[in-house]
Each structure stands twice: as C-alpha cells, then as structure tokens.
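Notebook open, coffee poured. I want to poke around this model, and I'll write down what I look up as I go.

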Amino acid sequence: MNLKLTLRTTTNTDYEFGRCVSFFFTKDAYTPYTLFEGVFLTEKTDIANIKEVIFSVDQTDIHYGLLDSVDFCTLQGYKIIKVKSKGFTSLLCQNQPKPGLKPDSDLATLMSEFDIPNVTYESTSLLNYIYIKEGSTLWDAAANFNFRLNGGYPYIEGTNNVRVTLKTPSEKTVSENDIIKTGIIYDYSKIISHLHMKDVDGTYDAFSRSNLFAINRRLIRHKQIPLDMQYLSAPDSGLLFKLNFSQRGCRCHYVQYIGYSGEDLNDMVSFGDVSLQRIKKIELSGGKGTVKTLLGVYSCLLYTSDAADD
C-alpha cells in the first residue's frame, strides 16, 4: 500500500515522504482526536516552521493534524525523520469558552467562540440553551450539547469533523482467511462505582447514583462532585451519563487483518461471532508498504441502567 507523509510549512510549502519505516495511527470513539506517529527515511536534515502534518494511505488522508514533535536524525548511516502529531480537534480540549448560559445554539455556533483551524462540525438543530461551566473546554461543551440533543457522545468523522449523531454506516466483513488475530480486552481502570453531587445550597450527597456493574466487580470508587450546572435540568440523568461514560471501552472485541479498507468510526463490522456492530476503535500500523488494521467494537457502552450488569 502507498504510505505518504506530508509536512506543510507556514509558507504553504509541502514536503512529502514516501519511504515509511514504521507508523502507528489510532482513533477511538471516546477520544476527541486522531493520533499519528511515523518514522520515514529522508534526505532532509531540517524543515523549519512546520504547521500541518498529513498522513495518507493509498491517496486517502486518514490523519490531518498539528505537529507535536519532529526529530531529524542519522542512524547507522540513514537519515530518518520521526514525527508525532494529533488531529486538529485536539485543540477543542485546549480552549476554554466563556462560562455561562448560551441560548439558541447549534453545534457550530457553540464552537465558534474561537477560530479552531481545519475543524468542521455536523449541521444540527438548535437547542434552547446550553450551560458552559467554569473551567470547561470546547470539547466539554460539545459533549454537553450532544447529551442535551440525544443523550449521546460526540466523535470524530474522517480527519477533523465533529459529529453528534450516528453516521449512515458502510459495512465490512473480515473473512476468516484475512484475520491475523482476534481477541477481547477488558479495561476497568476508569470505572466509577458511586457519584455524589451537591445541590444548589451546597448540601453534600443531595444527588447520588451507584453503578452495580462496578460494585459487583469490587471496583469501589466514590467520587464527590459539586453541582454540575450543565445537567441542572436532569441531575439524575447527568449522574447516570457520567457513570456510564466511566465504563467506556471496558470490553472491546477486536479483529486485526492485513490491509486497510477505509473503515471509519461507527461503520459496521462483522468477524467471527461479531455481526454488524459499530466500530469504536481503529488502529493502523506497519511500514514498508504493509498495513495492518485493528477494528474494535465496544460491548459495554453508554446507557446501561443502574441495575444492569452487562
């Protein structure tokens, strides 16, 4: 497969690299950006003022982001460039809007307080109001908007498009002959068992919610939080949302195969005993023209009930 790295400078000069030694790319439904790391052979010893990093597989851009770091080095006589980059939507986690009530907002207008480069937004209906709490980020605001809109959580489509509804999916069936490996990963490291929230008078434990999924697994983690004005209209639902979000990715069925077929988050995949489930995790790795793709589906998602033990 054709692997290409493009580094774009502040003068809009593109430097392209096609001799890939190794790379790693990942995208997750609950991570607000793509992540790319690559090692390429080069004739360059330095490129100044890099502003954009683009990585493509067979002429399709799968990563478009800002530069985290770049290392030009010589190793055993070879000139090498090592690049690390996050997608531009990572900037939504690093910019804080003015707190307070935002009336009559759709997703794009809510995000428009700052000019975040190369990020686009799904067209949505208006909500009568959104509350931005002190210290929250633009991504927090997008998550709050999504909760108010349909109870969901935002994700990244393509390189840097923020979506708050599920896309119309394409479907991928990984045949037995193409599979490198399959497996199940359990990750309980983020799960919260109990949430306790103050009320408007500052009374502790005015609102509380417990998570039987965590309790049954001896994951006793109590968290005390102040009144969250973002969910003031539905504090109990807000607590349930936070508990369920702490379970994100706690059970992941995955498949890895040789090649890449253009899968994106929330497309459908079938493999083994998994039949047409939404893709929630994508990892691409390889080098020297070879690509391995890992697709993961999460079977312990948001919206489990207080008594559920999925």
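**Pocket.** I began with the lining of the largest pocket, in what is a predicted model. I sorted its residues by type and got 13 nonpolar, three polar and six charged. The lining has 22 residues in total, and K133, D140, K223, K242 and F245 are the ones that lie nearest the pocket's centre. Which elements give two or more residues to that lining? They are α2 (138–150), β17 (222–225) and α4 (235–246). For the volume of this largest pocket I noted about 540 Å³. The reason I bother with probes at all: rolling one the size of a water molecule over the atoms shows where empty space is left.

**Helix α2.** Next I checked the length of α2. It has 13 residues, so at 1.5 Å a residue it should span 18 Å, and the end C-alpha atoms are indeed 18 Å apart, which agrees. I then pulled its buried residues: L138, W139, A141, A142, A143, N144, F145, N146 and F147. What covers them? The cover includes β8 (100–105), α1 (107–110), β10 (127–132), β11 (155–157), β12 (161–163) and α4. Just after α2 I found G151, with a positive phi near 80°.

**Helix α4.** I ran the length check again on α4. Its twelve residues should span 16 Å at 1.5 Å a residue; I got 17 Å between the end C-alpha atoms, which agrees. The buried residues here are P235, G238, L239, F241, L243, N244, F245 and S246. They pack against α2, β15 (194–197), β16 (207–210) and β17. F245 therefore turns up twice in my notes, as a buried residue of α4 and as one of the residues nearest the centre of the largest pocket.

**Positive phi.** Then I went through the backbone angles. Most residues other than glycine have a negative phi, so I wanted the exceptions. N49 has phi near 60°, a positive value in a non-glycine residue. I located N49 in the loop between β4 (35–41) and β5 (50–57). Is N49 buried or exposed? Its relative accessibility is 53%, over the 50% cut-off, so N49 counts as exposed.

N266 is also on my list, with a positive phi near 70°. N266 sits in the loop between β18 (251–258) and β19 (268–271). N266 counts as buried, because its relative accessibility is 2%. Its side chain makes a polar contact with the side chain of K280, at 2.6 Å. Leaving out residues up to four places away in sequence, N266 touches Y155, L166, K167, P169, R278, I279 and K280.

**S285.** My last stop was S285, in strand β21 (residues 281–287). S285 has 18% relative accessibility, so it counts as buried, the cut-off being under 20%. How far apart are S285 and S22 in sequence and in space? They are 263 residues apart in sequence, with 7.3 Å from C-alpha to C-alpha. With residues up to four places away in sequence left out, S285 touches F23, F24, Q256, T290, V291 and K292.

Terms used
Residues numbered from 1 in each chain as written. Heavy atoms only, no water. 1 Å grid on protein atoms, 1.4 Å probe; cavity = no way out; pocket = protein on both sides within 12 Å on 5 of 7 lines; lining within 4 Å. Points joined across faces, edges and corners; volume = space filled by probe spheres on them. Helix = DSSP H or I, 4+ residues; strand = E, 2+ residues; numbered from the N terminus. Nonpolar A, V, L, I, M, F, W, Y, C, P; charged D, E, K, R; others polar. Expected span 1.5 Å × (residues − 1). Buried < 20%, exposed > 50% of the residue type's maximum accessible area, 1.4 Å probe, protein only. Contact = heavy atoms within 4.5 Å. Polar contact = N/O pair within 3.5 Å; in protein donor to acceptor, adjacent residues only side chain to side chain.
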